[in-house]
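Hello,

Here is the structure I promised to pass on to you. Please have a look at it first, and then read my notes underneath.

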Number of protein chains: 2
Amino acid sequence: MTMNYQQQSPQAIREAVRAGVITGPTAGYAMGYAQANLAILKKEHAFDFLLFAQRNPKACPILDVIEPGSVSPSRIAKNADIRTDIPKYRIYKHGELVEEVSDLKDYWSDDFVCFLIGCSFSFENALMNNDIDVRHISEGCNVPMFKTNIATEKAGIFEGPTVVSMRPIPEAEVVRAVQVTSRFPSVHGAPLHIGNPASIGIRDVTKPDFGDAVPIKDGEVPVFWACGVTPQAIAMHVKPDLMITHAPGHMFVTDVKDAFYGVL
Amino acid sequence: MTMNYQQQSPQAIREAVRAGVITGPTAGYAMGYAQANLAILKKEHAFDFLLFAQRNPKACPILDVIEPGSVSPSRIAKNADIRTDIPKYRIYKHGELVEEVSDLKDYWSDDFVCFLIGCSFSFENALMNNDIDVRHISEGCNVPMFKTNIATEKAGIFEGPTVVSMRPIPEAEVVRAVQVTSRFPSVHGAPLHIGNPASIGIRDVTKPDFGDAVPIKDGEVPVFWACGVTPQAIAMHVKPDLMITHAPGHMFVTDVKDAFYGVL
């Protein structure tokens, strides 16, 4: 990761994304500002999906919903365009990932509703401020993500498995990691699971379903948080005509400081 | 208030409501279990209202949304019927309160969507456990509620003023009251305002817009929390064809323990 991007403003990052200068994962960029996952659906599915998010707040904490037909998430980012300001998008048709694109100009429709969902990158700053290493940042790669056997709560047509992100935490820091992340329910909050990957249906913790593998050192415990990639697993499960998301790790950088989402 | 109802189960309270035995406010009933505000709208307004709730989580924290057309909030209350299990309902047509009824049998339509919204009664138990007097419970009346000049965040057709509930708190307990209620964002969470009523547009703190006045003693500060009656103020402002709510203070008693909603 270019260290430079850590210190830049959210608006500078979005401009670099729009210009095609940033094309990869955004972990650690504009440090201190919240990043967001994206899910786009047609208006006919918007109520069901918003209810799905409400019923699964750990996996899908809503940061903002863009007014139907608009492209501007103006409540959380100034001068942004949701069609261009994410490095990589995924197009799902009938549950199949058919294409990855760098903007949505060929796909945009006025009956889209865009959901911006909290991202665990936001609590990583809080972990690091507590001297807890965030492995994928220190390794300079994407966070490892896994499909689990934890079912989401169904709403309308939407149902399927919960996706989690994993961070190895030293045994002595696990309690602190729970405390620190519990303060941030809008960005996935407390862990879903601590320890044995098999208990939540993960066969091999070295082979993530999304993102990159990271080493787990002696004396470290894998800790799992609900992940905003869950809607992509849902898309594969429910198979709506069309669903558009960000590519895992390639997030929308907002103007809202992480600290703003702390509940206490 | 009959002390007896404090100790009864949520299901016993709902049965007594359905049988017409309980017809008044439910503050303190089934102590330890969450109570809920109600807002019913036609399906065509359901997405806008759910988004409104998402954007105004202090006033409208969603506990559950009943599947369109169903009458059973089965995720938070067993064997309940939303048409009969609230002591008093209000029917708003074009923004006018046209009738108060004890059940919805004459009004029910299969295209209704029912929203159950967290109620500040739920954090009152936590306040009392901290030896903070909850005045309207010790006085045996309904909580005082006021329209404010704090605008809600608009979503679709929904906009208007925030309604707050007020509890007088001894100066020395105000910090503790903030801490205790911050733990419960699903039931309105931390106060919206502490102190001078005029700062939020309340002219006379002895004349509530809904509920009953309570005495503020020497050395006490009025503390204001966002209130689930806000949708009724919104109904008066937006004037949808039809909106049905509970009557203020006359709540739906759920099977979920207050403690369950604590975030930490």
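**One aspartate in its surroundings**

Asp255(A) sits in strand β11 of chain A, which covers residues 252-257. Please keep in mind that this is a predicted model. Is Asp255(A) buried, exposed or partly exposed? Its relative accessibility is 28%, so Asp255(A) counts as partly exposed, the band between the 20% limit for buried and the 50% limit for exposed.

Leaving aside residues up to four places away in sequence, Asp255(A) touches Pro10(A), Gln11(A), Arg14(A), Tyr33(A), Ile76(A), Ala77(A) and Lys78(A). Two of these neighbours are worth opening in your viewer. With Arg14(A), Asp255(A) makes a side-chain to side-chain polar contact of 2.8 Å. With Lys78(A), the partner is the backbone: the side chain of Asp255(A) reaches the backbone nitrogen of Lys78(A) at 2.8 Å. You can also look at Ala30(A), which is 225 residues from Asp255(A) in sequence, while the two C-alpha atoms are 9.3 Å apart in space.

**Two domains in chain A**

The domain assignment splits chain A into domain 1, made of 3-120 + 238-261, and domain 2, made of 122-226. Between the C-alpha centres of domain 1 and domain 2 of chain A the distance is 20 Å. Each side brings 30 residues to the contact: 30 from domain 1 of chain A and 30 from domain 2 of chain A.

About 2,500 Å² is buried between these two domains of chain A, with carbon and sulfur atoms giving 62% of that area. On the domain 1 side, Lys58(A), Ser120(A) and Val238(A) supply 27% of the area buried against domain 2 of chain A, more than any other three residues.

What holds for polar pairs here? The count between domain 1 and domain 2 of chain A is 13 residue pairs in polar contact, both residues being at pLDDT 80 or more. The rule finds zero salt bridges across this domain interface of chain A. On the domain 1 side, β1 (33-42) and α3 of chain A each supply at least two of the touching residues, and α3(A) has the largest share, with five residues. By type, the domain 1 side of chain A divides into 17 nonpolar, eight polar and five charged residues.

**Where chain A meets chain B**

Now to the contact between the chains, which takes 22 residues from chain A and 23 residues from chain B. The area buried between chain A and chain B is about 1,900 Å², and carbon and sulfur atoms give 60% of it. Phe47(A), Arg55(A) and Arg75(A) supply 33% of what chain A buries against chain B, more than any other three residues.

How many salt bridges does the rule find across the interface of chain A and chain B? There are six. One to look up is the salt bridge of Asp64(A) with Arg55(B), whose closest N and O atoms are 3.6 Å apart. Between chain A and chain B there are also eight residue pairs in polar contact, both residues at pLDDT 80 or more.

The elements giving two or more residues to the side of chain A that touches chain B are α3 (46-55), β2 (62-65) and β5 (112-118) of chain A. With six residues, α3(A) gives the most to that side. The residues of chain A that touch chain B divide into 13 nonpolar, three polar and six charged.

Best wishes

Key:
Residues are numbered from 1 along each chain as its sequence is written. Chains are lettered from A and ligands numbered from 1 in the order in which they are written. This is a predicted model: local features need pLDDT of at least 70, side-chain atom pairs count only at pLDDT 80 or more; totals for chains, interfaces and linings use all residues. Side-chain values use heavy atoms; hydrogens and water are left out. Contact means heavy atoms within 4.5 Å. Buried area is the accessible area (1.4 Å probe) that two parts lose on being put together, summed over both. A salt bridge is a side-chain nitrogen of Lys or Arg within 4 Å of a carboxyl oxygen of Asp or Glu. A polar contact is a pair of N or O atoms within 3.5 Å; within protein, one must be able to donate a hydrogen and the other to accept it, and residues adjacent in sequence count only if both atoms are side-chain atoms. Helices (H or I, at least four residues) and strands (E, at least two) are DSSP runs, numbered from the N terminus. Ala, Val, Leu, Ile, Met, Phe, Trp, Tyr, Cys and Pro count as nonpolar, Asp, Glu, Lys and Arg as charged, and the others, Gly among them, as polar. Buried means under 20% relative accessible area, exposed over 50%, partly exposed in between (1.4 Å probe, protein chains only). Domain bounds come from an automatic or database domain assignment.
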